[in-house]
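Trainee: I am new to this structure and would like a close look at a single part, the metal site and what surrounds it. Please take me through it step by step.

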Amino acid sequence: MAKIKAEYIWIDGHSPTPKLRSKTKIIDGPVSELSQIPEWSFDGSSTLQGVGHNSDRAMRPVDFVPDPIRGGEHILVMTEVNYPDGTPHKSNKRVNLVDVVKRHLAHEAWFGIEQEYTFFRGRSPLGWPEGGYPAPQGPFYCGVGADEVFGRDIVERHLDACLYSGIGISGVNAEVMPGQWEFQIGPLDPLTVSDQLWIARWLLYRIAEDFGVNATLYPKPVQGDWNGAGAHTNFSSKEMRGDGGYVFIEAACKKLEERHAEHIAVYGAHNDLRLTGLHETCSIHEFRYGVGDRGASIRIPLPTMRDGKGYLEDRRPAANMNPYEVCAIIMDTICSGEM
Ligand code: ADP
Ligand code: MN
Ligand code: MN
Ligand code: MN
């Protein structure tokens, strides 16, 4: 037995967009399974999760990975927030996803999430002239060279960190607005993709911190003719992936159309600033799906159409969405009723 550092990560009670918090507990290690990691607590009155003299909140470990920052046997622990008696706190959106997953287990849902984000140094996006603007958008997407992309050293460190931790990261790219980037997690089952996305977000903030840079998930970091930041959510069920699955994909689009407003309600705060109908988005007030259409709410990728099976891309979620909520409503809408 040796002592190890376990960084407990939790989602706070900030509204409308929660923030990540973490603190370190020294525990006995090495740890090989979740049950070896003790529950812990924090002061909810400092995180908008409790008031007064009864503000102790419990952190229940739900996932852990090797800590790429501290190395060795040290770990990062993703937790959910409950009351001391085990009742879920209202900021705990994971419990509902657990429920939805149980109901629809037979459909073998997979999610792949594209997390866009923007680096800031002080008040300007990274690489932007102080108080001014760079050249108009165009050359920056997937660009190369010191005049095109800003923050690649952080992006590479983050990618290595995710790989070290065994997070299912599937790629990274520079985005349309300079200083904006994306990483993708998945495809994975809904709980794993969500837990891992939260850990990957924490790692992004933590690594950028060492560079004096702040990463933000705000959906429209710069007003005007600049792309916003989304979290395109790619989904498939067993039926959609099987031969002839295309009919299930079209049926899914029709189901999504019927609940557009309910979906938008959990797709992230300030998403109206991003979903304008410009900059590769569909207006927040409309619903459209289409093959290879990046101006639609739902895009069916060309290879999916060609193969007659595959997945769909929900382009509506904003970068600051909570994956527990987004995965839950997508599964609930698509997997309920007749498939
Ligand atoms: P684009 O930028 O063209 O929209 P990306 O390559 O950034 O596409 O992201 C595509 C995402 O689709 C990846 O995150 C990947 O994990 C996910 N994906 C691929 N196949 C499936 C599938 N069968 N079910 C769900 N997600 C999938
Ligand atoms: Mn992408
Ligand atoms: Mn993108
Ligand atoms: Mn996409």
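Mentor: A residue counts as buried when its relative accessible area is under 20%, and as exposed when that area is over 50%. By that cut-off Glu114 is buried, and Glu182 is buried as well. Keep in mind throughout that this is a predicted model.

Start with the manganese ion that is ligand 2. Glu114 and Glu182 coordinate this ion through OE atoms, at 2.2 Å. Glu114 belongs to strand E6 and Glu182 to strand E9, so the two residues tie together parts of the chain that are 68 residues apart in sequence. Each of these two glutamates also reaches a further manganese ion. Glu182 forms a bridge between ligand 2 and ligand 3, two manganese ions 3.8 Å apart. Glu114 forms a bridge between ligand 2 and ligand 4, manganese ions that also lie 3.8 Å apart.

Next comes the manganese ion that is ligand 3. Its protein donors are OE atoms of Glu116, Glu175 and Glu182, at 2.1 to 2.2 Å from the ion. Along the chain these donors follow the spacing E-x58-E-x6-E. Distant parts of the chain are linked here too: Glu116 sits in strand E6 and Glu182 in strand E9, 66 residues apart. Glu116 has a relative accessibility of 8% and therefore counts as buried. For Glu182 the value is 5%, which again means buried.

The manganese ion that is ligand 4 has a donor set that includes a histidine. The donors are two OE entries for Glu114, ND1 of His232 and OE of Glu313, lying 2.0 to 2.5 Å from the ion. The spacing of the donor residues in sequence is E-x117-H-x80-E. His232 is in the loop between strand E10 (214-216) and E11, while Glu313 is in strand E14 (residues 312-314); this pair, 81 residues apart, links distant parts of the chain. His232 has a relative accessible area of 8%, so this residue is buried. Glu313 is at 1% relative accessibility and so counts as buried.

Now turn to ligand 1. It is surrounded by 15 residues, and the closest are Glu182, Gly186, Ser236, Arg294 and Glu313. Glu182 is thus one of the closest residues to ligand 1 and also a donor to the manganese ions that are ligand 2 and ligand 3. Glu313 is likewise among the closest residues to ligand 1, and a donor to ligand 4.

Where does the shell around ligand 1 come from? Strand E6 (110-121), strand E9 (180-188) and strand E11 (233-236) each supply at least two of its residues. E9 gives the most, with four residues. By type, the shell holds four nonpolar, six polar and five charged residues.

Three polar approaches to ligand 1 can be picked out. A polar side-chain atom of Arg294 is 3.0 Å from an oxygen atom of the ligand. Arg299 places a polar side-chain atom 3.3 Å from an oxygen atom of the ligand. Pro187 takes part through its backbone: a backbone N or O atom lies 3.0 Å from an oxygen atom of ligand 1. Taken alone, ligand 1 exposes 580 Å², and the protein buries 77% of that area.

Pro187 deserves a second look. This residue lies in strand E9, and the peptide bond that joins Gly186 to Pro187 is cis, with omega about 0 degrees. Most peptide bonds are trans. The model has a cis bond from Gly29 to Pro30 as well, with omega near -5 degrees. Pro30 is in the loop between strand E2 (20-29) and strand E3 (40-43).

For contrast with the buried metal donors, take Asp243, in the loop between helix H4 (238-241) and H5. Its relative accessibility is 70%, so Asp243 counts as exposed. The Asp243 side chain makes a polar contact of 2.7 Å with the side chain of Lys309.

To put the site back together: Glu182 coordinates both ligand 2 and ligand 3, Glu114 bridges ligand 2 and ligand 4, and strands E6, E9 and E11 contribute to the shell around ligand 1.

Notes: Residues are numbered from 1 along each chain as its sequence is written. Chains are lettered from A and ligands numbered from 1 in the order in which they are written. This is a predicted model: local features need pLDDT of at least 70, side-chain atom pairs count only at pLDDT 80 or more; totals for chains, interfaces and linings use all residues. Side-chain values use heavy atoms; hydrogens and water are left out. A residue is near a molecule or strand if one of its heavy atoms lies within 4 Å of it. A polar contact is a pair of N or O atoms within 3.5 Å; within protein, one must be able to donate a hydrogen and the other to accept it, and residues adjacent in sequence count only if both atoms are side-chain atoms. Accessible areas come from the Shrake-Rupley method with a 1.4 Å probe; for residues, only the protein chains shown count as cover. Ala, Val, Leu, Ile, Met, Phe, Trp, Tyr, Cys and Pro count as nonpolar, Asp, Glu, Lys and Arg as charged, and the others, Gly among them, as polar. Donors are N, O and S atoms within 2.8 Å of the metal (3.2 Å for Na, K and Ca); water is not among the atoms, so sites may look incomplete. Buried means under 20% relative accessible area, exposed over 50%, partly exposed in between (1.4 Å probe, protein chains only).
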